[in-house]
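Could you walk me through this model in my viewer, one selection at a time? I would like to know what to pick next and what I will find there.

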Amino acid sequence: MSTTAGQVIKCKAAIAWEAGKPLVIEEVEVAPPQAGEVRLKILFTSLCHTDVYFWEAKGQTPMFPRIFGHEAGGIVESVGEGVTNLKPGDHALPVFTGECGECPHCKSEESNMCDLLRINTDRGVMINDNQSRFSIKGQPIHHFVGTSTFSEYTVVHAGCVAKINPAAPLDKVCILSCGICTGLGATVNVAKPKPGSSVAIFGLGAVGLAAAEGARISGASRIIGVDLVSSRFEEAKKFGVNEFVNPKDHDKPVQQVIAEMTNGGVDRAVECTGSIQAMISAFECVHDGWGVAVLVGVPNKDDAFKTHPMNFLNERTLKGTFYGNYKPRTDLPNVVEKYMKGELELEKFITHTVPFSEINKAFDYMLKGQSIRCIIRMGE
């Protein structure tokens, strides 16, 4: 047992007190884990666009004060009652979704959408007792997607913690907690391109670049990047993208442009923008007979997908994915091993590193479109 097990820990956390206002580093009290929970010491965390989206709170229920952060790597400090698969000292990645191991989804080989621990962005408390584990002078601070990694210590449901190889560098593999696995898995687990095939990637942010990396690993020969920002094309070459299309450069629909480039359409398309038009284009640009399009981006709530039914009858397939179809506890350790064996490159996703005391710089880099992933070194 750790010396702090069962005790309240005082540590530093970056608190979002108001929407869109800089985070404030303050001392918080972190309660011990309850039954089925784990308390982690976070060593490295990174900023994902989802954190920024909910921090801006333009399209969601505002919930403040809150501790954001959901891509991270750390070490188990203590475990709550009934937790048997993790112990103090284990190296782990917390994940915004979970794997209870008991529900129909967890028991299915085809799904990773756990009934109990599926992402819930409106929940600011722990599932066990509807209470927060964070407080400042008695005032509860809201959790974020069950992880809240912008704190030196955090409490997470044990089903949302993936135990990984202790030799893996946490400052690199922490980015697998969210965006990189989402894009990578969309390609390798869902689109499944064959060696020598053609793949179109819509959107060249972090998730899209990870999808391109998946196409590269799969041996695709033509990886076509589609983005409205031409300056992204140079960076994307590092991820295997070898052809580029900016829809703004053409006076016809981009799906038509791609069909003409590829003699009837690409074999696979992965959409990583959330734009409804990009989703339709991604589906309509795949080849009839065998083409598969995979949707990753999250649309606006009022969007509707419209395409002619003949596109389906002509044997095109449309699929969706959540977290790249990875089961967090079962599959994430294997993705870490791919990195350890040199099959998956992570360093090229990391464009910036900042100490925890300068966490607001990470937000600035992302808002200016300068970073793919910015690593935040805790305890500095």
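Start by selecting Ile-201, which is buried at 0% relative accessibility. Keep in mind as you look around that this is a predicted model. Ile-201 sits in strand 10. Show its surroundings, leaving out residues up to four places away in sequence, and you will find that Ile-201 touches Gly-208, Ala-211, Ala-212, Ile-223, Ile-224, Gly-225, Val-226 and Val-270. For a sense of scale, draw a distance from the C-alpha atom of Ile-201 to that of Cys-106: the two are 95 residues apart along the chain and separated by 29 Å.

Next, stay with strand 10 and add helix 7, residues 254–261. Which residues of helix 7 are buried? They are Val-254, Gln-255, Val-257 and Ile-258. These residues cover an arc of only 160° around the axis, so they lie on the same side of helix 7. Their cover includes strand 10 (198–202), strand 11 (222–226), strand 12 (243–245) and helix 8 (276–284). Just after helix 7, click on Asn-263, where phi is positive, near 60°.

Now move on to helix 8. Here the buried residues include Ala-278, Met-279 and Ile-280, along with Ser-281, Ala-282 and Phe-283. Color their partners to see what they pack against: strand 10 and helix 7 again, plus strand 13 (268–271), strand 14 (292–295), helix 9 (310–313) and strand 15 (317–320).

Time for the cysteines. How many disulfides does a search of the whole structure find? The result is zero. Select Cys-48, which is in no disulfide; its nearest cysteine sulfur belongs to Cys-178 and is 4.0 Å away. Cys-48 is buried, with a relative accessible area of 5%. Then jump to Cys-285, whose sulfur is 12 Å from the closest cysteine sulfur, in Cys-272, and therefore too far for a bond. Cys-285 is buried as well, at 0% relative accessibility.

For the next stop, display helix 1 (residues 49–56) together with helix 11 (residues 359–367). Their axes are 11 Å apart and meet at an angle of about 95°, so the two helices are roughly perpendicular to each other. Turn on side chains for His-49, Val-52, Trp-55 and Glu-56 of helix 1 and for Phe-363, Met-366 and Leu-367 of helix 11, which make the contact. By class, that contact has five nonpolar residues, one polar and one charged.

Follow the chain into the loop between helix 1 and strand 4, where you will meet Ala-57. Its phi is near 55°, a positive value in a residue other than glycine. Ala-57 is buried, with a relative accessible area of 14%. The loop between helix 1 and strand 4 (71–79) also holds Pro-65. Look at the peptide bond that joins Phe-64 and Pro-65: this bond is cis, with omega about -5°.

From Pro-65, step across to Pro-140, which touches Pro-65, Ser-132, Phe-134 and Ser-135, not counting residues up to four places away in sequence. Pro-140 belongs to strand 7 (residues 139–141). Is Pro-140 buried or exposed? With a relative accessible area of 52%, Pro-140 is exposed. Its C-alpha lies 23 Å from that of Ala-72, a residue 68 places away in sequence.

Finish at Val-145, in the loop between strand 7 and strand 8 (153–157). Phi of Val-145 is positive, near 40°, and the residue is buried, with a relative accessible area of 7%.

Note on methods:
Residues numbered from 1 in each chain as written. Predicted model: local features only at pLDDT ≥ 70, side-chain atom pairs only at ≥ 80, totals over all residues. Heavy atoms only, no water. Axes fitted to C-alpha atoms, helices over the stretch in contact; angles between N-to-C directions. Helix = DSSP H or I, 4+ residues; strand = E, 2+ residues; numbered from the N terminus. Parallel < 35°, antiparallel > 145°, perpendicular 65-115°, else oblique. Contact = heavy atoms within 4.5 Å. Nonpolar A, V, L, I, M, F, W, Y, C, P; charged D, E, K, R; others polar. Buried < 20%, exposed > 50% of the residue type's maximum accessible area, 1.4 Å probe, protein only. Arc of directions from axis to C-beta. Disulfide = S-S within 2.5 Å.
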